[in-house]
Each structure stands twice: as structure tokens, then as C-alpha cells.
Amino acid sequence: MSKRRYNNYNNDFYHSKEWKQLRLQALERDLYQCQECLKQGKHTFASTVHHIVPLRADKSEALRVDNLETVCASCHNLLHPEKLKGIKAKKRVNRVHKLRGVVFHANPKN
Ligand SMILES: [Zn+2]
Ligand SMILES: [Zn+2]
């Protein structure tokens, strides 16, 4: 009984070996720093890899490292307002940047 409410559409992809390798490549390229925070001159540890062109928009972009960027959980939420729908609004998370090393959909055991 998963608590995930996402479409199953992308689940296989996110469990694929190709994706796990690729996201590591992106993390290392970006030095585990949030690229969105970096644009504002902030250095934030991040371990979430975001698709700039969404998977559902263009599957051919799924495995292109150029289409990936490392983001922190806070920025990732901002990039995905659609994921917040249905989640009962918790406090707005302006303070998330204080939480170092937040793991969003990373798998540290891998
Ligand atoms: Zn950020
Ligand atoms: Zn994303």
C-alpha cells in the first residue's frame, strides 16, 4: 500500500537502472548543488534531479543529461506546483533551506 499518489505512468522509469545512473551523472555534474538556488547566488546541497522538459511532455527527453538539473526539495516543489494539489497544505516551506541534505526522491542505498 503505497502512499504515493503520483500517476503510475512514470514509476517504471524512476526505478530503471538507466535513470539511476543518469541522475548520478547529473548530481555529479552539478556538484550536488541546487541549480535554482545557485542562480540566486545561494549554495544549497541538493540530491533531487529534475527534468527540465517534463517526462510526460516529451519522453525522448527522459534520458538526456542536458535535460536534467539538480534542485533542492524546496525549489523542486516550486517547479512542480501540480504535485502540491491534493497534498493538504502544510505550512509554507520557506524554511526548507535550513534543512540540509533533504532527500526527496533520491535513493541513498543505491
Ligand atoms: Zn534550491
Ligand atoms: Zn522535477
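Visitor: Is His80 buried or exposed?
Guide: His80 counts as buried, at 14% relative accessibility. Keep in mind that this is a predicted model.

Visitor: Which metal does His80 coordinate, and with which partners?
Guide: His80 binds the zinc ion (ligand 2) through NE2. The other donors there are His50 through ND1 and His76 through NE2, and the distances run from 2.0 to 2.1 Å.

Visitor: How are those donor residues spaced in sequence?
Guide: The pattern for the zinc ion (ligand 2) is H-x25-H-x3-H. His50 sits in strand E1 (residues 48–51), while His80 is in the loop between H4 and helix H5 (81–84), so these two tie together parts that are 30 residues apart in sequence.

Visitor: And His50, buried or exposed?
Guide: His50 is buried, with a relative accessible area of 7%.

Visitor: What is the bridge partner of His50 in E2?
Guide: That is Glu69. The two strands, E1 and E2, pair in the antiparallel sense over four bridges.

Visitor: Which way do the residues of strand E2 point?
Guide: Strand E2 covers residues 68–71. Leu68 and Thr70 point one way, Glu69 and Val71 the other way, and all are buried.

Visitor: OK, the other zinc. What are the protein donors of ligand 1?
Guide: The zinc ion (ligand 1) has four cysteine SG donors, from Cys34, Cys37, Cys72 and Cys75. They lie 2.2 to 2.3 Å from the metal.

Visitor: Why is the arrangement around ligand 1 tetrahedral?
Guide: The four donor atoms subtend angles of 105 to 121° around the zinc ion (ligand 1), and the label applies because tetrahedral requires all angles to lie between 85 and 135 degrees.

Visitor: What spacing do the donors of ligand 1 follow?
Guide: Along the chain, the donors of the zinc ion (ligand 1) read C-x2-C-x34-C-x2-C. Cys37 is in helix H3 (residues 35–39) and Cys75 in helix H4 (residues 73–79), so that pair ties together parts that are 38 residues apart in sequence. Both Cys37 and Cys75 are buried.

Visitor: Change of topic. Which residues make up the largest nonpolar core?
Guide: It has nine residues: Phe13, Trp19, Leu22, Ala26, Leu27, Val49, Leu55, Ala62 and Leu68. H2 supplies the largest share of this core, with four residues. Apart from it lies another core, of six residues, and Cys34, Cys37, Cys72 and Cys75 are among them.

Visitor: What does Leu68 touch?
Guide: Leaving out residues up to four places away in sequence, Leu68 touches Trp19, Leu22, Ala26, Arg29, Val49, His50, His51 and Ile52. His50 in that list is also a donor to the zinc ion (ligand 2).

Visitor: How many aromatic pairs are there?
Guide: The count comes to four aromatic pairs. In one of them, the rings of Phe13 and Tyr14 have centres 5.2 Å apart and planes at 70°, so that pair is edge-to-face. Phe13 counts as buried at 14% relative accessibility, whereas Tyr14 is partly exposed with a relative accessible area of 28%. Phe13 and Tyr14 also form one aromatic cluster together with Trp19.

Visitor: What about Tyr32 and Phe45, how far apart are the ring centres?
Guide: The centres of Tyr32 and Phe45 are 6.1 Å apart and the planes are at 10°, so the pair is stacked. This pair links distant parts of the chain: Tyr32 is in the loop between helix H2 (17–29) and H3, Phe45 in the loop between H3 and E1, and they are 13 residues apart.

Visitor: What are the accessibilities of Tyr32 and Phe45?
Guide: Tyr32 counts as partly exposed at 28% relative accessibility. Phe45 counts as partly exposed too, at 40%.

Visitor: Back to the backbone. What is phi of Tyr32?
Guide: Phi of Tyr32 is near 55°, a positive value in a residue other than glycine. Most residues other than glycine have a negative phi.

Visitor: And phi of Leu31?
Guide: Leu31 also has a positive phi, near 55°. Leu31 lies in the loop between H2 and H3, and so does Tyr32.

Visitor: Leu31, buried or exposed?
Guide: Leu31 is exposed, with a relative accessible area of 62%.

Technical notes. Residues numbered from 1 in each chain as written. Chains lettered and ligands numbered in written order. Predicted model: local features only at pLDDT ≥ 70, side-chain atom pairs only at ≥ 80, totals over all residues. Heavy atoms only, no water. Donors = N, O, S within 2.8 Å, 3.2 Å for Na, K, Ca; no water. Tetrahedral: all angles 85-135°; square planar, octahedral: opposite > 155°, others 65-115°. Buried < 20%, exposed > 50% of the residue type's maximum accessible area, 1.4 Å probe, protein only. Phe/Tyr/Trp six-rings, centres within 6.5 Å; stacked < 30°, edge-to-face > 60°. Pairing = 2+ DSSP bridges. Core = buried A, V, L, I, M, F, W, Y, C linked by side-chain atoms within 4.5 Å. Contact = heavy atoms within 4.5 Å.
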